[in-house]
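Reader: I should like to learn how the features of a structure such as this one are read. May we take them one at a time?

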Protein chains: 2
Amino acid sequence: MVAEALTPERILEATEDVLRRYGLGKATVVDVARALGVSHGSVYRHFRTKAALREAVTQRWLDRTSERLAPVADGSGPAEDRLDRWLKGLFEAKRHKAGDDPELFATYSVLTGDLSAVVERHIGDLVGQLARIIEDGRREGVFAKELIGGNADTARAIFHATARFHDPAYAAEWSRPGTDEDFTAVRTLILRGLRS
Amino acid sequence: MVAEALTPERILEATEDVLRRYGLGKATVVDVARALGVSHGSVYRHFRTKAALREAVTQRWLDRTSERLAPVADGSGPAEDRLDRWLKGLFEAKRHKAGDDPELFATYSVLTGDLSAVVERHIGDLVGQLARIIEDGRREGVFAKELIGGNADTARAIFHATARFHDPAYAAEWSRPGTDEDFTAVRTLILRGLRS
């Protein structure tokens, strides 16, 4: 059997598996090394500390959401439709993460609570995507130009106004009956507010 | 000295004082009785259990916010202006509660976490106030009639879209620089979305 090259991506994949199996309190770098069949020194060559490994695996978890939404943000088609799909896509992605594997979601919620810089960067990525859709909509003449301020300010306002439907703090509410109707109502209000 | 009559309101006032002084873990009905100079039996005549007393004091704490906003909801003047003042008033009230006495705020946050029925009722009161402003605005012809659904649905959407600026889960964000600008941007977006 030829050993696969030990890449950062393989280490992060194994780290997520270990977090899923043991939980945050018990997962160690030695567990990650063992799962990969390598020494813990080999893991440390890629991630200098346990903290660096945790930060990288959290970043990867968050990036999965923004990568999923990038094609909608940077795709073609009317901006209004893309904005609606983007907001729905964000909620879907978060809701899946929370519902499909609640324990892993809880583990990452603890991690993100301790890693505010990583979270800030993630929010920056998402708001940046939104801002590009707003920019397109203004160019099309569909979204009002004078509204609120620059594209980034408007994007931020939309992100805040939909917090209930993407902020993990609300995860417990997402499975309640009526949530989809509530979300549609908020999106309708926002889309109306954007129109020129 | 003539003893003041022991009213539920006096008991609740003393209960809040005791919660402020001792915190949730240590506050007892005996402490409340002692603060009032009465037997704990006298307290139990008004509130049958410690749980009932906690529920009532939490309800009173939440009611203070809705009572403060009622004059704006039920007052006169253009609905659009009242809506903006109501949203600002709600944020101000919550921010004051969080900032003026952080420990008492934290105590009530734990209490509300355990008393979902009391919180639901409080949210119902607030959404009801908002719905009355929406109704007025539609009668004036300033707010779009076809939007989202009935007045209550629209009110609920506004309440959700402003969660970041009244939900205690966000209290830690409220003192950050830029919060007022963020809130203004969300209100602008919502008010635009409501217009006919």
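Author: Let us begin with one pair of side chains in this predicted model. A:Arg156 and B:Asp182 form a salt bridge through their side chains, with N and O 2.9 Å apart.

Reader: What is the general idea behind a salt bridge?

Author: Side chains of opposite charge can pair when their charged atoms come close. In this model, 4 salt bridges are counted between chain B and chain A, and the structure holds 44 over all chains.

Reader: Which elements of chain B give two or more residues to the side that touches chain A?

Author: They are α8 (151-161) and α9 (179-194) of chain B. The largest share of that side comes from α9(B), with 9 residues. By kind, the residues on the side of chain B that touches chain A are 14 nonpolar, 3 polar and 9 charged.

Reader: How many residue pairs are in polar contact across the interface of chain B and chain A?

Author: The rule finds 10 such pairs, both residues being at pLDDT 80 or more.

Reader: How is the size of an interface often given?

Author: It is often given as the accessible area lost when the parts come together. For chain B and chain A, the buried area is about 2,200 Å², and carbon and sulfur atoms give 58% of it. In chain B, the residues that lose the most area to chain A are B:His160, B:Leu189 and B:Arg192, together 31% of what that side buries. The contact takes 26 residues from chain B and 26 residues from chain A.

Reader: Why do the copies meet through the same surface?

Author: Of the interface residues of chain B, 100% are also interface residues in chain A, so the copies meet through the same surface.

Reader: What turn lays chain B on chain A?

Author: A turn of 180°, with a shift of 0.0 Å along the axis, lays chain B on chain A with an RMSD of 0.0 Å. The two copies are therefore related as by a two-fold rotation axis. In chain B, the C-alpha nearest the axis belongs to B:Gly193, at 1.7 Å.

Reader: Where does a salt bridge lie within chain B?

Author: One of them joins B:Arg85 and B:Asp81, whose closest N and O atoms are 3.2 Å apart. Both residues lie in helix α5 (residues 79-100) of chain B, 4 residues apart, about one turn of the helix.

Reader: Which feature does UniProt place at residues 5-65 of chain A?

Author: The unreviewed UniProt entry places "domain: HTH tetR-type" there. That span is 75% helix and 0% strand, and its end C-alpha atoms lie 27 Å apart.

Terms used. Residues numbered from 1 in each chain as written. Chains lettered and ligands numbered in written order. Predicted model: local features only at pLDDT ≥ 70, side-chain atom pairs only at ≥ 80, totals over all residues. Heavy atoms only, no water. UniProt positions renumbered as here; feature names shortened; annotations may be inferred. Contact = heavy atoms within 4.5 Å. Buried area = accessible area lost by both parts, 1.4 Å probe. Polar contact = N/O pair within 3.5 Å; in protein donor to acceptor, adjacent residues only side chain to side chain. Nonpolar A, V, L, I, M, F, W, Y, C, P; charged D, E, K, R; others polar. Least-squares fit on C-alpha atoms with pLDDT ≥ 70 in both.
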